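Visitor: I should like a close look at a single part of this model, the nonpolar patch on its surface. Please set that part out in detail and then place it in the context of the rest of the chain.

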Amino acid sequence: MFFFSVHVFSQNYTTNAVHIHDLSQSYFVASQPFIDRDGFVWYAVNEQGTFFKYDGINIVKFTMKDSDEKRFSITAICINAWTQDRKGNVWAINPDGAYVINPNTFNVKHIKWQSKHEIRSNQDVSALQDKKNNIWISTGENYVIKIDKNYNQKIFQSPELPRIAAHKKQHGAATGAENLPLKVIKELDQGKILVKSRWNLYLIDDKGMQFILNFKEDGSNLHFTQDGEIFKPHTSGTVLFNGKKYNYSYLKNLNIQMFNCPYDNFSYKNSKFFTVQADKVFIEKFNKEKIEFTVTDTFELHFDRKIINNSLTLDSNNIIWFSNNYNIVMLKPTDARFKKYLQIKNSPISAKGIVSDDRGNLYVCSSTGLFKLDAKGQLLLKIYDPSNSGNIYNSMLIDQNGILWAAGEGAFITSIDLRTNVIATRKYGKRFDFNCTFLKAKSKDSFWVGSDKGLFILDKKSGKLFRCKLGNINSDRLTVYDILQSGNGNLWVATNNGLYFKGKGKKWIDYKAKNSFFSNRKVYVLHEDANKNIWLGTHNSGAVCLNLKTQKIDVYDESAGLSNNAVYGILEADGQFWFSTFFGISALHKKNMKFNNFHLQDGLPDNECILRSFYKKNDSSFYFGGLNGIVELNPKEFNFKKRDAKIFISKTEYFSIERKENVTDYLNENRSITLPYNKNYFSVEFTTNDMYNNRRSTYFYRINGLTDGWVGRDGIGIVKLSNLPPGKFVIELKVKDFYGSEITDHIKINVLVEQIFYKTPFFLGFIFLLLIAFVIYIFRRKIRKQKKIFEREKEIIILKSNALKAQMNPHFVFNILNNMQSIMILKGEEEANRYFGAFSRLLRLTLDISKQESVSLKDELDYINQYLILSSLQLNEELKFSIFTDENVNKEDIFIPGMLIQPFVENAIIHGLSPKEGEKAIKITCFIENDFCVVKVEDNGVGREAASKLTQKREFVYKSWSTAIVKERIELINSSSNSQKIILQIEDLKTEDQSLGTAVTIKFKIK
């Protein structure tokens, strides 16, 4: 065995820089940085009245406009102090005055001081805001200015001093102490303001400025803290700064402690003291028991540029800010909870496995051999095996006999007796050619050996190696990364081909048969938690929790807050699960199942951890290995930390309809934006106020109707949208910070893209109404045209009908007159008078009916009744007639064409009844049948066949026009309607050898 001494170093901070100056610019930084309430940084440049704000993504310029003062370039420091008032205005202060910057209006206002003395001290320029929102400013002269919330000024000058404090030397000459520059220090209880000069201490209250104390010695580097903030409460004494003594005192009446030190400015946080000299930042640790400050780290700028104002600014995230003429630098002290070991300068060690012995010593295997560290992490020795030229180890364990077993690249296993330091190496290359991935205890006498050629079992006594087959799987292509024997004796094996399982006393199964999630999944590590769930660390799917009772799978990946999806190690504590990954370490807190992530800048030796390099020594000591040694942490010191970062819009770009131009908006007060249809582009840049990590955060956006869920972008929050379709959109913005936590506040921007005019609802509605109006116009025009045609056709029908009626009237009158002549000759005057009376009544009804297109059924039947009376007289009253109307027939409400029934009655009398000898009868019946009014005319005449024969025998053939005219009228009436209105049926009534008369049925459609 060989031993090597190794020099170990530590690095306890990380830095980020904002590069301000380049060759294309003439600007240089001319102030220390100022962090506003939102967490963004402000700085001044070498041009009077010109300032910049940096929000992590954009640098925004603020400058005086329309000023009577001539701006000029300056080479010296132009701003010595900063503050921010309750309205959000930023105050940049120097011995000449204050620039009040309004971030909302971009207005820069200059307030000029009145110089009363030639002596000015830049280092005494300071400012603070009290609890009543008053601004207190020391200008480097012998007075202090109070500016209230309405910007009213009140000046407080040095009071008359006691003789002992009245005269001191300034720049080698005696001067009155009341004329020395004053510096505002801090606000005390009850709103009192502490002020000091080089030799004296003052207090400003309601009575004015009062002398409190003479320092008796130069107090240029005298500092004041709240009682107990640094030193033990209520004490005075001596403090050591890097071995040199300085005094500190407790001022009881002010309840503060003051101390001298070798530095002008400092910041103090969590027992760490940050200060600066020239181009160096010193980080010192304070031992409260020894009352001693000791330098632990020094940060030195890599170019010859001094830190401006020798000033450091500590923000709310414990980031130290300072600047030189070229850069603004952020320095972040690492987390003291992480303890780093094996930090070998210029030769980083890739720690691949970690174990400890019963004395608390640590053993680390690596690609360069084995290392032994004591319980405090101090490197004791490096173990070198001369028989193994590679000395590349991947895994190791210590058995119950105190023997360390190690395996690695190659088919060998090394054992080291830690009591005797005897090394033995067994090589299996002749039979098995593999690289070992892990060693794990199987039983008292055997080990599990994982490799890139499957799973093996090592018998410790014989040193023989046996292959363990996982069912029918080809082991030559199977890399086994881990094995777990659960509490109930079941075996779980993690491989490059998924997960394998063997129940106690049963055969091996491929677990993807039970759950398809494990198909083609590379599983690295296995862990059984306190609830008997199985946790798996995967290659690219994060950490997976398998609930054996429900077979439910919960995946914890980057989207859930995990640092990286490649999980290399799993350790469990009472309150957390710890995962080592390809990029950082993640703590999953059991109470809320939320992540906190840790990286190089938080104190890890490297971001990249190594597979299976994790170890739980006890409940208070967890170890993880990476590319640069190992890190130890105590999980009990970690609680879930919700970060207070917020999301801000940095810049939007779009076309403003109101201003009719393209705008770049840095104020971003407008969260509802309307875009014209032809300038439908929109750009938004957003960031977080975690200035140190905002470039490491992940930015997300989604747009309703345009994106499928959230779209992520690493490192920069920029969304550029062009050719947005018309419509209303909501752009949502969110950020997941560098530590895996989603920032709770989201930002929503409403964007309305106008429609092109001919697609707007108004225009489309107008066109629709216009089309409807046009259709209505065409339709009405067609209706009017059709109506005119219909009316003309109707007029023609009426005229034809009237013409037919006109033909019927003369015919009817002709028949009556012929009968009248016969009566006068044959029957005498009395019968003729009766006949004339009946004829006159009939003629009057005929004239009335002929004027109407339709008449009621009652009038038509009355007319027929008069006609039958007249016809009965003509036939010597041999005609017997009857008119019967069914009780369901409302004769007054039913209208039919006039004089349509009479011709059939007339025809029955003339042709059917007149030639007949004997009884002559005619019967007219009215009834309702299937929406028709039916009028039936029946006679017992000779019938149509006999009547036709009789007509042919006559010398003079009388041609009857009435029936033909009626039929033509019926055809005209029916042709004027889509549905048939009148149905005519003529039926011969007869037996087999005898005619019984004729029946005429006329059916009128009831309206």
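Guide: Phe768, Leu769, Ile772 and Ile776 make up a nonpolar patch on the surface of this predicted model,. Together these four residues have about 380 Å² of accessible area. Leu769 belongs to helix 1, and with a relative accessible area of 56% it counts as exposed. An α-helix has 3.6 residues a turn, so residues three or four places apart point the same way. Helix 1 spans residues 761–826.

A charged patch may be described next. Arg780, Arg781, Arg784, Lys785 and Lys788 form a positive patch on the surface. Of these residues, Arg781 is placed in helix 1.

Helix 4, residues 902–913, offers another view of a helix: it is mostly covered, with 10 of its 12 residues buried. Among the buried residues of helix 4 are Phe904, Val905, Ile909 and Leu913, and also Glu906 and His911.

For the chain as a whole, the secondary structure amounts to six helices and 74 strands. The chain has 1007 residues, of which 51% count as buried. Its accessible surface is about 51000 Å², and carbon and sulfur atoms hold 48% of that surface. Among contacts with a separation of 6 or more, 53% join residues 24 or more positions apart.

Charged side chains also pair with one another. A search of the whole structure finds 22 salt bridges. One of the pairs is Asp482 with Lys440, whose side chains meet at 2.8 Å, N to O. Asp482 lies in strand 44 (residues 480–485) and Lys440 in strand 40 (residues 436–443), so this salt bridge ties together parts that are 42 residues apart in sequence. Asp482 is buried because its relative accessibility is 3%, whereas Lys440, at 30%, counts as partly exposed.

A further salt bridge joins the side chains of Lys590 and Glu572, again with an N to O distance of 2.8 Å. This pair links distant parts of the chain, 18 residues apart: Lys590 is in the loop between strand 54 (584–589) and strand 55 (594–598), and Glu572 is in strand 52 (residues 567–572). Lys590 is partly exposed, with a relative accessible area of 27%, while Glu572 is buried at 12%. Arg337 and Asp335 also meet in a salt bridge, at 2.6 Å, N to O, and Arg337 is partly exposed, with a relative accessible area of 27%. In addition, Lys651, Glu653 and Glu685 are linked in a network of salt bridges.

Several loop residues complete the account. Lys507 sits in the loop between strand 46 (498–502) and strand 47 (508–510) and is exposed, with a relative accessible area of 73%. Its C-alpha atom is separated by 7.2 Å from that of Gly471, 36 residues apart along the chain. Beyond its neighbours within four places in sequence, Lys507 is in contact with Phe501 and Lys502.

Two loop residues concern the backbone. Most residues other than glycine have a negative phi. Lys216, however, has a positive phi near 70°; this residue lies in the loop between strand 19 (208–214) and strand 20 (222–226) and is exposed, with a relative accessible area of 72%. Asn310 likewise has a positive phi, about 50°. Asn310 is in the loop between strand 27 (292–300) and strand 28 (313–314), and counts as partly exposed at 23% relative accessibility.

Technical notes: Residues are numbered from 1 along each chain as its sequence is written. This is a predicted model: local features need pLDDT of at least 70, side-chain atom pairs count only at pLDDT 80 or more; totals for chains, interfaces and linings use all residues. Side-chain values use heavy atoms; hydrogens and water are left out. Patches are made of residues with over 30% relative accessible area and no salt bridge: like charges are joined within 9 Å, nonpolar side chains (Val, Leu, Ile, Met, Phe, Trp, Tyr) within 5 Å. Accessible areas come from the Shrake-Rupley method with a 1.4 Å probe; for residues, only the protein chains shown count as cover. Lys and Arg count as positive and Asp and Glu as negative; His and the chain ends are not counted. The place of a charge is taken as NZ of Lys, CZ of Arg, CG of Asp or CD of Glu. Helices (H or I, at least four residues) and strands (E, at least two) are DSSP runs, numbered from the N terminus. Buried means under 20% relative accessible area, exposed over 50%, partly exposed in between (1.4 Å probe, protein chains only). Contact means heavy atoms within 4.5 Å.
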